[in-house]
Amino acid sequence: PSRGHLKCYTTRDPRSRARYTLTLQAGVAGFTNETGCKLQARAKELCVEVTKQHVVPQPPGGGPSPGPSTGAKLLSYRLKCPAQSPPAVNATDQFGPGLFPPRKAAGLLAPASPSGAFLDGSPVF
């Protein structure tokens, strides 16, 4: 089985609206830091790790191996950042290779825990 995939559900966030301004530090070569981004803390999706099986037709393969199953949970937030022009990215996953030109940062996936805080007590953000 192929672990490390995410399935996302739409959700309705019951928390009060809160607005944040943030900088996203690039962690991938060729991408620049995104400054002046705005996030409204009302989650739009809840994503959970799944195992993908029985895909028909069989994908062409390739790409990195999925990581170990960790029972990941993430919340997806809508993000608005000033326009940038990151370079197109050649990428390959199990569905094959492609050239992907990024248009704009549109969302942020934040790790979540059942209690709303990580095990060390730090907040989700």
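1. **Pairing and what it rests on.** Two strands pair if DSSP finds at least two bridges between them. On that basis, β3 and β5 are joined by 2 bridges and run antiparallel. L39 is one residue to look at here: its bridge partner in β5 is L79. Keep in mind throughout that this is a predicted model.

2. **Confidence.** The mean pLDDT of the protein chain is 81. Of its residues, 81% reach 70 or more. Among the elements, strand β2 (residues 19-24) has the highest mean pLDDT, at 94. Strand β1 (residues 2-10) has the lowest, at 80.

3. **The stretch 116-125.** Over residues 116-125, pLDDT stays under 50. The model still gives this stretch 13 contacts beyond four places in sequence. Those contacts belong to a segment with pLDDT under 50, and should be read with that value beside them.

4. **Overall make-up.** The protein chain has 8 strands and 0 helices. Read from the N terminus, the order of elements is β-β-β-β-β-β-β-β. The chain counts 125 residues, and buried ones make up 18% of them. About 9100 Å² is exposed, with carbon and sulfur atoms supplying 57% of that area.

5. **Contact range.** Take the contacts between residues at least 6 apart in sequence. Of these, 73% join residues at least 24 apart.

6. **Strand β5 and its partners.** The pairing with β3 has been covered: 2 bridges, antiparallel. β5 also pairs with β4 in the antiparallel sense, over 4 bridges. In that pairing, L46 stands opposite L75 of β5. A further antiparallel pairing joins β5 to β8 through 5 bridges. There, S76 has L109 of β8 as its bridge partner.

7. **S76 up close.** Is S76 in strand β5 buried or exposed? S76 is buried, because its relative accessible area of 11% is under the 20% cut-off. Leaving aside residues up to four places away in sequence, S76 touches A43, K44, E45, L108 and L109. L109 thus appears twice for S76: as a contact and as the bridge partner in β8.

8. **Nonpolar core.** Which residues make up the largest nonpolar core? There are 11: L22, C37, L39, A41, A43, L75, Y77, L79, C81, L108 and A110. Strands β3 (34-40), β5 (73-80) and β8 (107-111) each supply at least two of them. The largest share, 3 residues, comes from β5. L39 and L79 are both core members, and they are also bridge partners.

9. **Disulfide count and pattern.** The chain has 2 disulfides. Numbering the bonded cysteines in sequence order gives the pairing 1-3, 2-4. A disulfide is a covalent bond between the sulfur atoms of two cysteines.

10. **C8 to C47.** One disulfide joins C8 to C47, with S to S at 2.0 Å. The link is right-handed, with 110° about the S-S bond. C8 lies in strand β1 and C47 in strand β4 (residues 45-52), so the pair ties together parts 39 residues apart in sequence. The two ends differ in accessibility. C8 counts as partly exposed, at 37%. C47 is buried, at 0%. β1 is also the element with the lowest mean pLDDT, 80.

11. **C37 to C81.** The other disulfide is formed by C37 and C81, their sulfur atoms 2.0 Å apart. This link is right-handed too, with 110° about the S-S bond. C37 lies in strand β3, while C81 sits in the loop between β5 and β6 (89-93), so the pair ties together parts 44 residues apart in sequence. C37 is buried, with a relative accessible area of 0%. C81 is buried as well, with 16%. Both cysteines belong to the largest nonpolar core.

12. **Reading order.** Start with β5 and its bridges to β3, β4 and β8. Then turn to the core of 11 residues. Next, take the disulfides, C8 to C47 and C37 to C81. Leave residues 116-125 for last, where pLDDT stays under 50.

Technical notes
Residues are numbered from 1 along each chain as its sequence is written. This is a predicted model: local features need pLDDT of at least 70, side-chain atom pairs count only at pLDDT 80 or more; totals for chains, interfaces and linings use all residues. Side-chain values use heavy atoms; hydrogens and water are left out. A nonpolar core is a set of buried Ala, Val, Leu, Ile, Met, Phe, Trp, Tyr and Cys residues joined through side-chain atoms within 4.5 Å. Buried means under 20% relative accessible area, exposed over 50%, partly exposed in between (1.4 Å probe, protein chains only). pLDDT is the predictor's confidence in each residue, from 0 to 100. Contact means heavy atoms within 4.5 Å. A disulfide is a pair of cysteine sulfur atoms within 2.5 Å. Accessible areas come from the Shrake-Rupley method with a 1.4 Å probe; for residues, only the protein chains shown count as cover.
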